[in-house]
Amino acid sequence: MIAESGHYALVLALGLALIQSIVPLIGARLRDDALMNVARSTALAQLLFVGASFVALVMLHVNSDFSVANVYENSHSMKPLLYKITGVWGNHEGSMLLWVSILALFGGLVAAFGNNLPLSLRAHVLAVQAWIASAFYLFILVTSNPFLRIASPPIEGRDLNPVLQDIGLAVHPPMLYLGYVGFSISFSFAIAALMEGRIDAAWARWVRPWTLVAWIFLTLGIAMGSYWAYYELGWGGWWFWDPVENASLMPWLAGTALLHSALVMEKRNALKVWTILLSILTFSLSLLGTFLVRSGVITSVHAFATDPTRGVFILLILCLFIGGSLSLFAGRATSLKQGGLFAPISREGALVLNNLLLTVACAVVLFGTLYPLAMEMLADFKMSVGAPFYNLTFAPLFTLLLLAVPFGPMLAWKRGDLLGVTQRLLAAGVAGLVVVAIVWAWTRGGSALAPLAIGLGVFVIAGAVTDLVERTGLVRLPFATVLHRTRGLPRSAWGSALAHAGLGVALIGIVCETTWNSEYIATMKQSDVAHVAGYDVKLDGLFQRQGPNYREMIAEFNVSRDGEALSVMTPSKRSFTTRGSSTTEAALLTRGASQLYISLGDANAEGAIAVRIYHKPLVLLIWWGPVLMAFGGVLSLSDRRLRVGAPKPARAKQRLQPAE
Amino acid sequence: MTRKQRRMTIIGGSLAVLALAAALVLNALRDSIVFFSTPTMVAEKHVQAGKRFRLGGLVQPGSLQRGDNLAVSFEVADGNAKLPVAYKGILPDLFREGQGVVAEGALDANGVFKADTVLAKHDETYMPKDVADALKKQGHWKDDYGGKASDGAKPAATTAQGNPQGAVR
């Protein structure tokens, strides 16, 4: 019954989405308020029904109802409850259901909190949301229905892929989807603006919070995924330039650009056409990511060719939405009025440069992702584009961007004074150079690039601090004034400074980890001691243990430094009987921002075991950086001027009058 | 500055950045991409020693030998040809005789493939895509290798899952 109810709720959601796709538009054409308001109620009802459908699937997984194919293929009655729930989106059908649920959530939020939007804009936005939703409901119902029953139900399920049985699965995909799908809002706003042929600074003020919310989640989602790969896969890598990762990085790059161009549009009423285009591109890249991941084209071009229903369906959705929106853009963009003027050296100019570098970097990643697929399909030979390619292309572009980052926020709007800003950034530049010199002297003979890159990271952080110092007038002004100005400083200023500093922090982490990572790989017997980066790691023994749905072999290591015992580390190797596969559970010891990392290989007949021990200096900075960026985003979001649904100034004045 | 001049500055800047990116990409394409071969292709094309490539095939049953200090040697076969591979380090969790494998490295002077990376990303339902494609093309594909490829691997939900190096290096 639950499965059928879930299926039925999904069909009803499709019906509602179809109504929401058409009726509000007719209402907008006829200027009929009642018809336009249909969008609001259908969006909320849609959320209710998709939510019910999602809850139904969760209940099926929790109850281990193996008569449902999706549960049978991805669950096991002995699986811990947490993984029974997270297993819902650890598979194709379930994750698509999560995708549309989040889409409906965003639609519902616009419907519920978009009261201050002009009625016709809200009707258009929700109608466009409903087009996307309808396409994906159809996709799920036609090709990937999670509620299909099996004629003769098996007694036991096939279990979830062991690599996915981890807390990371609980957090990473929902976060990532909140980011991916969140960009659908700015897409819908852009299409609505094109359809109405009207766009102004208020438009940017409505779009920016939604973009920011999506960006925050995407930032955290990517960082979380990277950390998950780092500890779960057992060899300490955290970024692989894999198509699946690129699929999430591209919308992030475009979304970051969008965040900045929307700022120009809101403050200066310029870059309108470009902002609209970026909104379309960002969500298109999210759709492309969904296609790459969901069509199986990455797993094999040939698998895609032999079982094409899903792939072709998503490809159609992709072409329809990207092609349609870009043609609409081509047709209507010229009718949008040009905005304010600015000199090339100005805050606007800096933001244009930011956009340019981010979109070009994004294009490079897109090329690296699609080129091997294209060559395989067209020329029938295989190759891989990996880290060396991106180090030669993406890294230089990002270096340029990072060099420019501290200058941007300090330039004045309209016409900036580059020389003045350079003088004010002198201290930050000197700090960077001093760090370069210190690191250089300290690591004599090492790579020349590493100290320079660390210096760049310090420059970015010091630049963000300088910006705050300048704004608050610290150093130059009396303390009381500084305090007053600090209190008056908008939270968005703190937010952007933190986010920019986060970039520098992440860069320092990346450089330290890749340059000074030390590695020890050997077979160890009981009471063997390994010496890694000043730590003594002694193997105390091996134990067997029975887990809920696996057996594991645990190795116990005593870690000490200079004779002082620090901790016991217990990496393990789990073998899952149902799938006949095993996973490596690495053990991590955190010391400051650095980590000691142990993972196990195979044990041999004499009781010795292959072990890999890494010391990763400052590795945690790689993820603290993005967390800092996301925190900066949250601060900006909490800024009064930007709060979702902030009242328009005119209305605020009206409200004040009676009080007088 | 007039609107026209401003626009020209922006267009000029954009073109400069695009040209820079194009130059970087073309330069990177010259030597940073790695091609994929099977033992048969290696035998036919006489790949020169020292040139990096990815070798894919099945681990020849009975060929795995473990030496001291984690040195390993095994043979990769694709039904027509075999190639000896030497590797030092920990083999992936899913490395098994008779199963698919992808190794990255180069041939040495004796014609032995010195691998610095061994990837084996598959479980009972999933084969490395390069290997499966190559085997299919050469007619050595057995249906029991494959199953539903999309089934075991859920790259979407997870970064971890998606990347072959990630699974095991």
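1. A friendly place to start is chain B, which holds 7 helices and 7 strands. Please keep in mind throughout that this is a predicted model. Following the sequence of chain B, you meet the elements in the order α-β-α-β-β-β-β-β-β-α-α-α-α-α. Chain B has 169 residues, and 45% of them count as buried. If you take the contacts in chain B between residues at least 6 apart in sequence, 54% of these join residues at least 24 apart.

2. Staying with chain B, have a look at strand β7 (residues 113–119), which pairs with strand β5 (residues 82–88) in the parallel sense over 3 bridges. One place to find this pairing is B:Y87, whose bridge partner in β7(B) is B:A115. β7(B) also pairs with strand β6 (residues 100–107) of chain B, here in the antiparallel sense and over 6 bridges. In that pairing, B:A106 has B:K114 of β7(B) as its bridge partner. β6(B) and β7(B) make a hairpin with 5 residues between them, and B:G111 in the turn has a positive phi of about 80°.

3. Now to the helices of chain A. Helix α7 (residues 167–196) and helix α8 (residues 201–232) of chain A have axes 7 Å apart and pack at an angle of about 155°. Angles over 145 degrees count as roughly antiparallel, and α7(A) and α8(A) are therefore roughly antiparallel to each other. Their crossing is left-handed. What classes of residue make up the contact of α7(A) with α8(A)? The contact has 21 nonpolar residues, 8 polar ones and 1 charged one.

4. α8(A) has a further partner to follow. Its axis and that of helix α20 (residues 621–637) of chain A come within 9 Å and cross at roughly 165°. That crossing angle makes α8(A) roughly antiparallel to α20(A). The crossing of α8(A) and α20(A) is left-handed. On the α8(A) side, the residues that meet α20(A) include A:W215, A:I216 and A:Y227. On the α20(A) side, A:W623, A:M629 and A:L637 are among the residues taking part. Sorted by class, the contact of α8(A) with α20(A) has 15 nonpolar and 4 polar residues, with no charged residues.

5. Two single residues in helices of chain A are worth a visit. The first topic is A:A104, which sits in helix α5 (residues 92–113) of chain A. Is A:A104 buried or exposed? It counts as buried, because 30 C-beta neighbours lie inside 10 Å, and 20 or more is the cut-off for that label. Leaving aside residues up to four places away in sequence, A:A104 touches A:Q46, A:L47, A:V50 and A:A133. Between A:A104 and A:F49, 55 residues apart in sequence, the C-alpha to C-alpha separation is 9.4 Å.

6. The other residue is A:I461, found in helix α17 (residues 449–472) of chain A. With 25 C-beta neighbours inside 10 Å, A:I461 counts as buried. Not counting residues up to four places away in sequence, its contacts are A:A501, A:G504 and A:V505. A:I461 and A:L259 are 202 residues apart along the chain, and their C-alpha atoms are separated by 20 Å.

7. Next come the strands of chain A, beginning with an open sheet of 4 strands in the order β2-β11-β10-β9, paired antiparallel. Which strands form the edges? They are β2 (518–524) and β9 (587–591) of chain A, each of which pairs on one side only. On average, neighbouring strands in this sheet are turned by 15° against each other, direction ignored. Within the sheet, β2(A) pairs with strand β11 (residues 609–616) in the antiparallel sense over 7 bridges. There, A:Y520 stands opposite A:I613 of β11(A).

8. Last, follow strand β5 (residues 551–561) of chain A, which pairs with strand β4 (residues 535–546) in the antiparallel sense over 10 bridges. A hairpin of 4 residues joins β4(A) to β5(A). β5(A) also pairs in the antiparallel sense with strand β6 (residues 564–569) of chain A, over 5 bridges. A:S560 is a handy marker: A:D536 stands opposite it in one pairing, and A:A565 of β6(A) stands opposite it in another. The hairpin of β5(A) and β6(A) has 2 residues between the strands, and A:D562 takes a positive phi near 50°. Strand β7 (residues 572–576) of chain A is antiparallel to β5(A) too, over 4 bridges, with A:K573 as the bridge partner of A:M553.

Methods. Residues numbered from 1 in each chain as written. Chains lettered and ligands numbered in written order. Predicted model: local features only at pLDDT ≥ 70, side-chain atom pairs only at ≥ 80, totals over all residues. Pairing = 2+ DSSP bridges. Axes fitted to C-alpha atoms, helices over the stretch in contact; angles between N-to-C directions. Parallel < 35°, antiparallel > 145°, perpendicular 65-115°, else oblique. Left-handed = near helix turned anticlockwise from the far one by under 90°. Nonpolar A, V, L, I, M, F, W, Y, C, P; charged D, E, K, R; others polar. Buried ≥ 20, exposed ≤ 12 C-beta atoms within 10 Å, placed from the backbone. Contact = placed C-beta atoms within 7 Å.
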